[in-house]
Amino acid sequence: MQKQIVGAAYGVTGAVVKSVKTKRMVFKQDISKVLKLLLIGVCFIAVCVIMLVYVAGHYHDTGVPTTKLLRYKDFSISILIIGIILFLAMTITYVIRLLRKTPVLTIDGDGISEHSTIASVGFVPWSEIKSISVQRFGIQANIH
């Protein structure tokens with residue numbers, strides 16, 4: 001069965017891939033990108049927590065909400081808790097990426113080893129690869 005390899009392109013083109021049967025190419029994680037995404041995740045967690053404290057603490061017993069956010073208190077609290085859980089998972093993922101020392105992409109004579117995401121395919125030998133191409137989705141380039 002032929003496998004499809006999906007991950008960040010890291011500047012690899014089809015012409016380069018054809019010539020790697022004799023040499024090893026290693027692509028490491030861009031630490032600055034991971035740090036930016038980690039910072040974004042922490043900021044979103046902080047915003048969700050601040051809003052959760054606001055919603056939970058500023059609802060008056062009179063039953064009259066003071067803002068639109070408070071009008072649907074239970075719904076707002078549920079959405080904020082879901083937001084905290086999702087952004088916490090994202091942040092943990094980026095912390096793991098920072099701590100991981102393995103290369104994101106390795107191309108050598110045996111095949112391709114890809115570890116760019118949590119759902120990476122790992123090692124794929126050349127015998128299982130039918131073709132490799134770089135496709136763009138917006139500004140993101142992906143290897144297929």
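The largest nonpolar core of this predicted model consists of 8 residues: Met-25, Phe-27, Leu-105, Ile-107, Ile-112, Val-124, Trp-126 and Ile-129. Strands E1 and E2 each contribute at least two residues to this core. A second core, separate from it, has 6 residues, among them Cys-48, Leu-52, Val-55 and Ile-77. The paragraphs below set these cores against the chain as a whole, then follow the sheet strand by strand and end with individual residues.

The chain has 144 residues, of which 30% are buried. It contains 4 helices and 6 strands, and along the sequence these follow the pattern α-β-α-α-α-β-β-β-β-β. Of the contacts between residues at least 6 apart in sequence, 60% join residues at least 24 apart. The exposed surface of the chain comes to about 9600 Å², with carbon and sulfur atoms supplying 67% of that area.

The sheet comes next. Four strands form an open sheet in the order E1-E2-E3-E4, and the pairing is antiparallel. Its edges are strand E1, residues 25-27, and strand E4, residues 122-125, each of which pairs on one side only. From one strand to the next the twist averages 10°. In general, the strands of a sheet pair through backbone hydrogen bonds, in either a parallel or an antiparallel sense.

Starting from the E1 edge, strand E1 is joined to strand E2, residues 105-107, by 3 bridges, and the two run antiparallel. Within this pair, Phe-27 stands opposite Leu-105 of E2. Both Phe-27 and Leu-105 also belong to the largest nonpolar core.

Strand E2 pairs in turn with strand E3, residues 111-114, again in the antiparallel sense and over 3 bridges. A hairpin connects E2 to E3 through 3 residues. Across this pair, Thr-106 stands opposite Ser-113 in E3. In a regular strand, side chains alternate between the two faces of the sheet.

The last pairing in the sheet is between E3 and E4, which are antiparallel and share 4 bridges. Here Glu-114 has Gly-122 of E4 as its bridge partner.

Several residues in and around the sheet can be looked at one by one. Ile-107 is part of strand E2. Ile-107 counts as buried because its relative accessibility is 1%, and it is a member of the largest core. Between Ile-107 and Phe-123, which are 16 residues apart along the chain, the C-alpha separation is 9.6 Å.

Trp-126, another member of that core, lies in a loop, between E4 and strand E5, residues 134-137. Its relative accessibility is 14%, so Trp-126 also counts as buried, the limit for that class being under 20%. Trp-126 and Asp-108 are 18 residues apart in sequence, and their C-alpha atoms are 9.3 Å apart in space.

The loop between E3 and E4 contains His-115. With a relative accessibility of 29%, His-115 counts as partly exposed. Leaving aside residues up to four places away in sequence, His-115 touches Arg-100, Pro-103, Val-104, Ser-120 and Gly-122. Gly-122 is also the bridge partner of Glu-114. The C-alpha atom of His-115 is 7.9 Å from that of Thr-102, a residue 13 places away along the chain.

Among the helices, H4 spans residues 73-99 and includes Thr-91. Thr-91 is buried, since its relative accessible area is 9%. Its contacts, not counting residues up to four places away in sequence, are with Leu-38, Gly-41, Val-42 and Ile-45.

Two cysteines complete the account. Cys-48 has a relative accessibility of 9% and therefore counts as buried; it is one of the residues of the second core. Cys-43 has a relative accessible area of 41% and is partly exposed. A nonpolar core is built from buried residues, so partly exposed residues do not qualify for one. The structure holds 0 disulfides.

Definitions and conventions
Residues numbered from 1 in each chain as written. Predicted model: local features only at pLDDT ≥ 70, side-chain atom pairs only at ≥ 80, totals over all residues. Heavy atoms only, no water. Disulfide = S-S within 2.5 Å. Buried < 20%, exposed > 50% of the residue type's maximum accessible area, 1.4 Å probe, protein only. Pairing = 2+ DSSP bridges. Axes fitted to C-alpha atoms, helices over the stretch in contact; angles between N-to-C directions. Core = buried A, V, L, I, M, F, W, Y, C linked by side-chain atoms within 4.5 Å. Contact = heavy atoms within 4.5 Å. Areas by Shrake-Rupley, 256 points an atom, 1.4 Å probe, with all protein chains shown as cover.
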